[in-house]
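The following exercises ask you to work from a chain and its coordinates, with each task followed by a solution in steps.

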Amino acid sequence: MDQPTETDADSSTRSLPLGLTLLSGLIAVALVFPLAWLFIEVAAVEPARARGLVFSAGTADVLVNSLLLMGGVTAGSVLLGVPLAYLTVRTDLPFRRFWSIVAALPLVIPSYVGAFAFVSAFGPRGEFQSILAPLGIERIPEIYGLPGAVLVITLYTYPYVYLTARAALVSFDTQLIDAARTLNYGRWDAFRRVTLPQIRPAIAAGALLSALYAISDFGTPAIMRLSVFTREIYVEYTSFGAEYAALLSIQLLLLVLLVLVLEWAIRPDQTVKGGDADHDGTRVQLGRWRWPATLLPAGVSLVALVVPIWILLLWLVRTDTERQPSLSFEWVQVLNSVGVAAAAAAVATLVALPVAYFAATNDSRVSILFERATYVGFAVPGVVLGLALVFFGAGYLPSLYQTLPLLIFAYTIRFVPQAVGTTRTSILQLDSKLVEAGRTLGESPLGTFRRITLPNIRSGLVAGAALVFLTTMKELPVTLILRPSGFETIVTQIWRAQAAVLYQYAAIPALLLLLISGLSMVVILAQEGDERGL
């Protein structure tokens, strides 16, 4: 037998399709390149001034607050998400299917909508305090600051942990639990020694998403008056403090990088699954705790869903357009939001397709590098990305500065990984024999892709586009920083209303945003072929 004369990696690299490789490389560079202008801006700052700004007491406070916010939200998301996942998958919880869906719904609500709804409900002279006033209660605990920000962001990020932990529990081999019980392990010991180690990678993945969301969230800390990186960057940008904003942005990027490195370093082993695993098994009988256990999903749903919707409906009833006509809702805001989100979804899907196809069909370091490069924009906080494109557009492409193409480009950088992930998964699930059959019948590689691959990955493309559309609709800092002058959307209308402390003018756009987001989620779930999903 002839011995191979080159490694698999070398062979894979040499056989890379030239056109697809170049196209994927150009896309990856285009998505990462604008962030370089942040470093160029920082390099222009006088070193002594840069040191003074970086090591100031104000910067230290911002760093501490950001770390506390991230840590509190991550811990809270795990403490809520894991029990909810366990109750809805492994126990005989009443109305289990209903609670499985309801527990994921807070993901549809933008945290900044929840933030100003909570301020209106629990702030000074808020709705909740007015209800308690006849009982002699004239003051309730302060909602502003770190505790309020942690509470609100946790309520709208715990679904990341919930969904990842739930997916791991659904595919978990319950025979391992049965084996532990035969060894006289109690329920808690069996969970701690068997179940938890198996689902720990999924919990870690969800916790990472919660941490990144917390550290990059702009709207909630701004509304809660908490001095963190995102809020201070925006304040400095709007106050023409470009140097300090750029320095803070670099520090925030380094903090995000540190989080990613720590997650990679402490990442547990992958979940172990048996080939003949029993995924159903016997559910844990809660006994007398069966109905009291519903208080957890019901309580979380009440606070995260019912309170904001109640407040928005109150605002809807009380809206008085004669008080501030300039803040009145206009349907053009919906058209602008839907139009720019649809454009971003279309562009992101087209951009993701060659990168995802290259990564799925070529197992090489080059394909991995190009795919990972597209994820950089998603890891970068929106306010940082917006500022980088401000420096890039204003300094080198003034004709594109504050135009719709630049705004759509920013959305694409930010959310293209969502399209890459779903598209790559669909391509990997495609039966390779179908592609081989097309080639043997004389089809060119492009013809085989157009006639066979593309129709079979349509659901992944649609799911990715819907996901980009959903997240673009809710994106706040990028929209505020890069939108053209006079271009109002649903989120900018909401932000103008809260800035004027006239929350009633945010009622209609916020409710419409929730409706559109909910419909987008339905489209995403409709593409799921897995019967074990929600």
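**Exercise 1.** Among contacts in the chain between residues at least 6 apart in sequence, what percentage join residues at least 24 apart?

*Solution.* This is a predicted model, in which local features need pLDDT of at least 70 and side-chain atom pairs count only at pLDDT 80 or more, while totals for chains, interfaces and linings use all residues. Residues are numbered from 1 along each chain as its sequence is written, and side-chain values use heavy atoms, with hydrogens and water left out. Taking contact to mean heavy atoms within 4.5 Å, one finds that 83% of the contacts in question join residues at least 24 apart.

**Exercise 2.** Describe the setting of Val 307, and decide whether Val 307 is buried or exposed.

*Solution.* First, locate Val 307 in helix α15, residues 295-318, where helices are DSSP runs (H or I, at least four residues) numbered from the N terminus. Next, apply the cut-offs, by which buried means under 20% relative accessible area, exposed over 50% and partly exposed in between, with a 1.4 Å probe and protein chains only; Val 307 is therefore buried, because its relative accessibility is 11%. Finally, leaving aside neighbours within four places in sequence, list the contacts of Val 307, which are Phe 118, Ala 121, Phe 122 and Leu 302. The C-alpha atom of Gly 114, 193 residues away along the chain, lies 8.6 Å from that of Val 307.

**Exercise 3.** Compare the expected span of helix α20 with the separation of its end C-alpha atoms.

*Solution.* The expected span is 1.5 Å times one less than the number of residues, so the 26 residues of α20 (404-429) should span 38 Å, and the 36 Å between the end C-alpha atoms agrees with this.

Technical notes. Helix = DSSP H or I, 4+ residues; strand = E, 2+ residues; numbered from the N terminus.
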